[in-house]
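Subject: the model we talked about

Hi,

Here is the structure I promised to pass on. Have a look at it first, and my notes follow underneath.

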Amino acid sequence: MVKTKFFVDNNGISTFVINRPEKRNAVDYEVMTSLEKAISEVKANPHIKALVITGAGSQAFCSGGDISAFHALETAAEAESMLKRMGRILYELLILPKPTVALLNGTAVGGGCEIAIACDFRISAAHSEFGFIQGDLGITTGWGGGTILFEKLRYSDAMEMLTSSQIYSVERAKQVGFLSYVTSYQELAMRCEEWLLPIITKSSAVLTAYKQMPIAKWSQVGLWERMEAEIDHCSLLWESEEHKQAVNNRLQKKA
């Protein structure tokens with residue numbers, strides 16, 4: 001099965017799909033590479049007005065990193081290479097000079113939430129749930145998503161979401177500002193297109209100019225450097241016994 005899909009419709013809306021429903025749309029190296037290419041294509045193609053990222057099926061948007069794929073990464077140095085690569089991808093997604101939407105077709109946890117918060121908007125199916133559950137795995141957010149979350153949510157809401165590792169319902173997620181819009185799973189794609197319609201009718205120059213405003217701010221405050229520091233912290237925790245035990249427990253559970 002092809003792990004990802006990428007296509008562009010006649011309105012200039014591009015869609016990137018993580019197509020691993022049997023793995024709850026977890027990210028592995030192949031998915032990373034495909035997302036890198038998609039972001040580059042969206043940035044370079046003048047006919048593309050927006051990027052939508054979603055998952056296949058109705059169960060999961062993305063469950064984060066594929067534990068089975070990254071289980072062999074045991075040391076901080078080994079983990080850092082993978083984490084920093086995905087962190088850079090998320091930063092490029094964040095500063096993409098075109099509107100981006102995380103179309104949350106199901107549960108988004110761990111790195112799945114990090115991908116979602118890197119997008120400008122988050123549109124969700126009513127049955128979805130969300131959680132920065134990394135703390136329960138003995139690590140912190142490892143792709144820079146925690147730093148991004150503090151940029152987009154109120155401090156207290158971001159801190160609670162990260163430190164509690166709790167699973168949020170759509171109601172609670174919308175209340176704290178994590179979600180832009182909620183609809184039924186059956187109408188998700190249609191509502192997303194409706195949401196984007198007033199945006200994509202504007203000229204690319206206008207859309208880019210507005211997006212440059214936060215991008216300039218993030219550059220001035222050294223956002224990427226702060227994301228790197230976050231990744232470094234996660235790398236050190238990666239080789240802790242607590243994290244190794246949590247990963248082994250999850251792998252045994254799946255087996």
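Val109 stands opposite Gly131 in strand S8. That contact belongs to the pairing of S6 with S8 (residues 129-131), which is parallel and runs over two bridges. Please keep in mind that this is a predicted model.

S6 and S8 sit in an open sheet of four strands, in the order S4-S6-S8-S9 and with mixed pairing. The edges are S4 (60-62) and S9 (168-169), each of which pairs on one side only. As a quick reminder, strands of a sheet pair through backbone hydrogen bonds, either parallel or antiparallel.

**Strand S5 and its neighbours**

Next, have a look at S5. Five of the five residues of this strand (residues 100-104) are buried, so S5 is largely enclosed by the rest of the structure. In a regular strand the side chains alternate between the two faces of the sheet. Both faces of S5 are covered here: Thr100, Ala102 and Leu104 are buried on one side, and Val101 and Leu103 are buried on the other.

What does S5 pair with? S3 is joined to S5 by four bridges, and the two run parallel. S5 is also joined to S7 (residues 121-125) by four bridges, again running parallel. Ala102 is a handy residue to click on: Ile53 stands opposite it, and its bridge partner in S7 is Arg122.

Arg122 turns up again with an aromatic ring, since it lies over the face of Phe178, at 5.5 Å from the ring centre. Another arginine, Arg88, lies over the face of Trp224, at 4.8 Å from the ring centre.

**Aromatic pairs**

How many aromatic pairs does a search of the whole structure find? The count comes to seven. One of them is Phe121 with Trp195, which is edge-to-face, with 5.7 Å centre to centre and 70° between the planes. This pair links distant parts of the chain, as Phe121 is in strand S7 and Trp195 is in helix H8, 74 residues apart.

Are these two rings buried or exposed? Neither, quite: buried means under 20% relative accessible area and exposed means over 50%. Phe121 has 24% relative accessibility, so it counts as partly exposed. Trp195 has a relative accessible area of 28%, so it is partly exposed.

Phe150 and Tyr155 make a stacked pair, with 5.7 Å centre to centre and 25° between the planes. Phe150 is partly exposed at 31% relative accessibility, whereas Tyr155 counts as exposed at 56%. There is also an aromatic cluster, formed by Phe121, Tyr181 and Trp195.

**Helix H4**

H4 is mostly covered, with eight of its eight residues buried. Going along the helix, the buried residues are Gly111, Gly112, Cys113, Glu114, Ile115, Ala116, Ile117 and Ala118. Glu114 is in that list, in case you want to look at a charged side chain there.

**Pockets**

On to the empty space. The largest pocket holds about 740 Å³. It is lined by 37 residues, and the closest to its centre are Ser63, Gly65, Asp66, Ile67 and Leu137. Which elements supply at least two residues each to this lining? They are H2 (67-70), H3 (76-94), S6 (107-109), H4 (111-118), H10 (223-238) and H11 (241-254). H11 gives the most, with six residues. Sorted by class, the lining has 15 nonpolar, 13 polar and nine charged residues.

The second largest pocket has a volume of about 340 Å³. Its lining has 18 residues, and Thr15, Val52, Thr54, Leu103 and Ala189 lie nearest the centre. The elements giving two or more residues to this lining are S2 (13-18), S3 (50-55) and H8 (188-200). H8 has the largest share, five residues. By class, this lining has 11 nonpolar, five polar and two charged residues.

Some names come up twice, which may help when you are turning the model around. Leu103 is a buried residue of S5, and it is also among the residues nearest the centre of the second largest pocket. H8 holds Trp195 of the edge-to-face pair and also gives five residues to the lining of the second largest pocket.

Cheers

How values were computed
Residues are numbered from 1 along each chain as its sequence is written. This is a predicted model: local features need pLDDT of at least 70, side-chain atom pairs count only at pLDDT 80 or more; totals for chains, interfaces and linings use all residues. Side-chain values use heavy atoms; hydrogens and water are left out. On a 1 Å grid over the protein atoms alone, a cavity is a set of points where a 1.4 Å probe fits but cannot get out, and a pocket is an open set with protein on both sides within 12 Å along at least five of seven lines; lining residues have an atom within 4 Å of a point. Grid points are joined across faces, edges and corners, and a volume is the space filled by probe spheres set on the points. Two strands pair if DSSP finds at least two bridges between them. Buried means under 20% relative accessible area, exposed over 50%, partly exposed in between (1.4 Å probe, protein chains only). Rings of Phe, Tyr and Trp (its six-membered ring) pair if their centres lie within 6.5 Å; planes under 30 degrees apart count as stacked, over 60 as edge-to-face and the rest as tilted. A charge sits over a ring if NZ of Lys or CZ of Arg is within 6 Å of the ring centre and within 35 degrees of the ring normal.
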